[in-house]
Amino acid sequence: MYTLFGSAGSGSAAIEVALGVADIPYRIVNAATWEPESALAELKQANPLGQIPTLVLPEGGVLSESAAILIHLGLSHPACGLLPTEPAARAQCIRGLVYIAANCYAAIGVIDYPERWCAQPGDAVSDNVRLGARARLHLYWDTFADQFPARPWLSGAEPGALDYFAAVVSKWSGSRAHLAQARPAFSELLQRIEALPAVAPVFARHWTA
């Protein structure tokens, strides 16, 4: 059985959706650096950085990084539709997954922990870094919406890994409110993704409001 380290409201939601779509049995271990009473020590044995999601494979291998996990699951279980089967479409889906991870997810890390990126941190410096990173994050989402149009889903004819990942990562740092104003069609797409039968129950567990 797969073991997924995660926490409510985190990126592990996208992996839960993907595992469910692929009909893969798994167990969840609640662990997060911001939850000291969670299984943090067990998580760090698998992933020394303590990052979630972290997925332990049945044979004992470890996968970290959300995009890498989603790509692995899509390639290992092609029939489930996480990745398109047509090569050009699959390439664009992988591009989109890595785009979100490298740009949007990375900016959120700066917003959440600006002090990590300052040699001499202080409240004023952290606030300035946080404001700049949030503006950059919203620009990244605007660019994503323009570069990855829905046909009718981000993954193509059917929803897939790119849809689930975008819906999760856009939940943070005011991105949904920004997109509702700046890219309303993309904002509506994210709401449609959330309402999917494979997605809605997972999101309900992760976000109560």
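Me: Helices (H or I, at least four residues) and strands (E, at least two) are runs taken from DSSP and numbered from the N terminus. In which helix is the place of arginine 192?
Reply: A quick note before we start: this is a predicted model, where local features need pLDDT of at least 70 and side-chain atom pairs count only at pLDDT 80 or more, while totals for chains, interfaces and linings use all residues. Residues are numbered from 1 along each chain as its sequence is written, and side-chain values use heavy atoms, with hydrogens and water left out. As for arginine 192, look in helix H8.

Me: Is arginine 192 buried or exposed, or in between?
Reply: Buried means under 20% relative accessible area, exposed means over 50%, and partly exposed is in between (1.4 Å probe, protein chains only). Arginine 192 has a relative accessible area of 31%, so it counts as partly exposed.

Me: Which residue has its backbone oxygen 3.3 Å from a polar atom of the side chain of arginine 192?
Reply: Leaving aside neighbours within four places in sequence, arginine 192 is in contact (heavy atoms within 4.5 Å) with Pro152 and Trp153. The backbone oxygen 3.3 Å away belongs to proline 152.

Me: How do the axes of H7 and H8 cross: parallel, antiparallel, perpendicular or oblique?
Reply: Axes are lines fitted to C-alpha atoms, for helices over the stretch in contact, and angles run from 0 to 180 degrees between N-to-C directions. Under 35 degrees is roughly parallel, over 145 roughly antiparallel, 65 to 115 roughly perpendicular, and the rest oblique. Here helix H7 (residues 175–182) and helix H8 (residues 184–194) have axes that come within 5 Å and cross at roughly 130°. That makes H7, relative to H8, oblique.

Me: Is serine 175, in helix H7, buried or exposed?
Reply: Not counting residues up to four places away in sequence, serine 175 touches Leu137, His138, Trp141 and Ser170. A polar atom of its side chain also lies 3.1 Å from the backbone oxygen of tryptophan 172. With a relative accessible area of 0%, serine 175 is buried.

Me: Which helix gives the most to the largest nonpolar core?
Reply: A nonpolar core is a set of buried Ala, Val, Leu, Ile, Met, Phe, Trp, Tyr and Cys residues joined through side-chain atoms within 4.5 Å. The largest one has 57 residues, and Leu73, Trp141 and Phe186 are among those touching the most other members. Several elements supply at least two residues each, including strand S1 (2–6), helix H5 (123–147) and H8. The top giver, with nine residues, is H4.

Key
Polar contact = N/O pair within 3.5 Å; in protein donor to acceptor, adjacent residues only side chain to side chain.
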